[in-house]
Number of protein chains: 2
Amino acid sequence: MVRQVTAFSNPTVKRLRSLREKKGRRTEALFLAEGLRILVEARDSGRLPEIIAFSPEGARHPLAAEIIAATEAAGGEVIETTRDILSKMSGKDNPQMVLGAYRESDPALTRIDRPKADLWIVAQALRDPGNIGTILRTGDAVGAGGLILIDESADPFSVEAVRASMGAIFTQEVVAARWPEFVAWLRRGDGQLVGTSLKATHDYLEAEYRKPCFLLIGNEQQGLPAEYEAECDLLVKIPMAGRADSLNAAIAAAVMAFQVRASWR
Amino acid sequence: MVRQVTAFSNPTVKRLRSLREKKGRRTEALFLAEGLRILVEARDSGRLPEIIAFSPEGARHPLAAEIIAATEAAGGEVIETTRDILSKMSGKDNPQMVLGAYRESDPALTRIDRPKADLWIVAQALRDPGNIGTILRTGDAVGAGGLILIDESADPFSVEAVRASMGAIFTQEVVAARWPEFVAWLRRGDGQLVGTSLKATHDYLEAEYRKPCFLLIGNEQQGLPAEYEAECDLLVKIPMAGRADSLNAAIAAAVMAFQVRASWR
């Protein structure tokens with residue numbers, strides 16, 4: 001049943017608003033995705049929101065109407081609300097006309113189905129949720145299986161990460177693990193762990209990448225800790241032509257991921 | 001002469017604060033760069049700030065002391081101030097201990113010295129200053145000559161762009177032009193204009209890139225307009241393996257730029 005909600009004090013409005021903050025997401029185990037495009041991506045990946053909120057204009061789009069109906073049929077909470085309230089929920093003056101709250105996936109490493117993909121991205125202590133979202137989007141584009149977040153990292157379910165993922169939050173597996181746990185898991189099966197390092201001697205264009213390849217990307221500030229580099233089966237160097245000695249973490253992930261894929265053609 | 005400034009109402013403090021906004025930058029033709037690392041990058045690229053502000057702690061670092069002395073010797077304005085005021089100027093609770101205001105470079109396309117580099121990045125109507133900064137950083141890493149911003153774009157001298165550039169704002173040329181002006185300039189000399197398009201038939205890994213190569217990156221939302229694609233000497237496709245049909249603009253720029261460079265080895 002579609003409920004009309006016009007009060008900012010409505011409990012569902014408050015609940016959706018709370019998902020902008022990590023505390024709210026932790027309590028609810030839900031995250032926000034905004035805009036029809038990403039909701040369609042979710043639906044096409046087999047995911048429906050547990051709560052969907054939309055403006056009357058938002059509901060007019062046939063794809064939105066489909067997702068609203070499917071959410072209702074699946075027992076989800078469906079609210080029609082005002083643009084002002086959507087604006088409050090999304091934190092933007094110019095809000096999307098439809099948004100959904102989705103159940104966060106289980107972050108257990110053991111959920112990774114290793115044979116599912118030839119490439120997995122592993123990122124250590126990323127701080128910027130935009131980088132996490134961008135890496136997910138890149139992972140989708142290169143056919144990676146998902147993203148393994150190592151150690152303390154920004155929240156992949158934050159609004160900023162979800163937005164930057166452009167829907168890949170629904171197509172890529174996202175799990176989290178401490179480094180020793182990840183290494184123990186990795187070594188129980190096949191997998192080449194590849195890191196990038198300025199100290200490496202192998203050029204990234206000439207290295208031999210094996211499947212499944214686990215591409216390890218270091219933190220934005222410090223890059224990979226020495227002991228993490230030491231664990232790698234292959235360390236490669238992306239030569240820098242200019243004054244800078246590093247790439248943005250999401251750029252490094254993309255340059256490496258596309259090169260790994262290119263080397264397999 | 002180093003001046004001690006402790007009042008928020010001080011005109012230099014107000015002037016520096018105004019540089020956080022586009023209006024202030026337009027009035028002053030100055031932009032802000034924050035943190036010792038980027039100020040060192042600037043100095044090593046032959047650039048000193050016109051105004052430098054720092055906390056007593058900030059001045060203690062020998063590299064900061066060098067840049068402060070050089071700025072003073074060059075007739076720049078040098079102010080020692082409080083952490084609170086630096087915080088106000090940088091808009092961050094945890095500000096950098098040193099920041100500089102630099103003269104914006106002339107955006108005229110004719111400043112581009114074509115033979116200086118084999119690769120130039122051309123970006124159309126980018127909206128996100130973070131993408132502009134990241135593309136500059138990538139440009140530096142691949143040895144591009146600079147970035148040509150086409151049509152209405154976010155400001156490359158915004159704090160966010162400068163920060164994301166990690167100093168490349170000082171090593172890469174940054175100019176701006178309308179599309180017809182750019183095309184006219186381009187065709188007066190050598191240069192292969194390369195665009196990416198989902199409709200292209202050439203795979204980006206198999207295409208032949210010629211020097212100097214002008215890599216054209218489309219806007220974040222719409223990609224390249226059809227008439228811009230039509231002007232390209234070469235249109236290539238980056239195959240997408242997943243559900244997404246596009247990459248983040250800065251990622252696309254990096255994947256292409258690194259591939260162009262790789263093809264020349």
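**Exercise 1. Work out how many residues of domain 1 of chain A are in contact with domain 2 of chain A, and what sort of residues they are.**

Solution. Start with the count: 13 residues of domain 1 of chain A touch nine residues of domain 2 of chain A. Next, see where the domain 1 side comes from. In chain A, α2 (22-28), β2 (30-34) and α3 (36-44) are the elements that give two or more residues to it. Then sort that side by class: five nonpolar, one polar and seven charged residues. For the bounds, the domain assignment puts domain 1 of chain A at 2-103 and domain 2 at 109-263. Last, the C-alpha centres of these two domains of chain A lie 31 Å from each other.

Keep in mind that you're working on a predicted model. The predictor gives the complex an ipTM of 0.94 and a pTM of 0.95. Chain A has a mean pLDDT of 95, with 100% of its residues at 70 or more.

**Exercise 2. Decide how α7 and α11 of chain A are oriented to each other: roughly parallel or roughly antiparallel?**

Solution. Find the two helices first: α7 covers residues 129-142 of chain A and α11 covers residues 249-263 of chain A. Their axes sit 9 Å apart and cross at an angle of about 10°. Angles under 35 degrees count as roughly parallel, so α7(A) is roughly parallel to α11(A).

Now pick out the residues that meet. On the α7(A) side these are A:Asn131, A:Thr134, A:Ile135, A:Thr138 and A:Val142. Facing them from α11(A) are A:Ala249, A:Ala250, A:Ala253, A:Ala254, A:Ala257, A:Phe258 and A:Arg261. By class, the contact of α7(A) with α11(A) comes to eight nonpolar, three polar and one charged residues.

**Exercise 3. Describe the contact of chain A with chain B: how many residues does each chain give?**

Solution. Chain A gives 26 residues and chain B gives 28. Both α7 and α11 of chain A turn up here, each with at least two residues on the side that touches chain B. Sorted by class, that side of chain A has 15 nonpolar, seven polar and four charged residues.

**Exercise 4. Find the backbone oddities: where is the peptide bond cis, and which non-glycine residues have a positive phi?**

Solution. Here's the background: most residues other than glycine have a negative phi, and most peptide bonds are trans.

Take the peptide bonds first. From A:Lys211 to A:Pro212 the bond is cis, with omega near -10°. A:Pro212 belongs to the loop between β10 (202-203) and β11 (213-217) of chain A. In chain B, the bond from B:Lys211 to B:Pro212 is cis too, with omega near -10°, and B:Pro212 is in the loop between β10 (202-203) and β11 (213-217) of that chain.

Then check phi. A:Ala29, in the loop between α2 and β2 of chain A, has a positive phi of about 55°. For B:Asp151, the positive phi is about 65°, and its loop runs between β7 (146-150) and α8 (159-165) of chain B.

**Exercise 5. Classify B:Asp113: buried or exposed?**

Solution. Locate B:Asp113 in the loop between β5 (98-103) and β6 (119-124) of chain B. Count its neighbours: 10 other C-beta atoms lie within 10 Å. The cut-off for exposed is 12 or fewer, so B:Asp113 is exposed. For comparison, A:Ala29 has 13 such neighbours and counts as partly exposed, and B:Asp151, with 16, is also partly exposed.

How values were computed
Residues are numbered from 1 along each chain as its sequence is written. Chains are lettered from A and ligands numbered from 1 in the order in which they are written. This is a predicted model: local features need pLDDT of at least 70, side-chain atom pairs count only at pLDDT 80 or more; totals for chains, interfaces and linings use all residues. Axes are lines fitted to C-alpha atoms, for helices over the stretch in contact, and angles run from 0 to 180 degrees between N-to-C directions. Helices (H or I, at least four residues) and strands (E, at least two) are DSSP runs, numbered from the N terminus. Angles under 35 degrees count as roughly parallel, over 145 as roughly antiparallel, 65 to 115 as roughly perpendicular and the rest as oblique. Two residues are in contact if their C-beta atoms, placed from the backbone, lie within 7 Å. Ala, Val, Leu, Ile, Met, Phe, Trp, Tyr, Cys and Pro count as nonpolar, Asp, Glu, Lys and Arg as charged, and the others, Gly among them, as polar. Domain bounds come from an automatic or database domain assignment. A residue is buried if 20 or more other C-beta atoms lie within 10 Å of its own, exposed if 12 or fewer, and partly exposed in between; C-beta atoms are placed from the backbone. pLDDT is the predictor's confidence in each residue, from 0 to 100.
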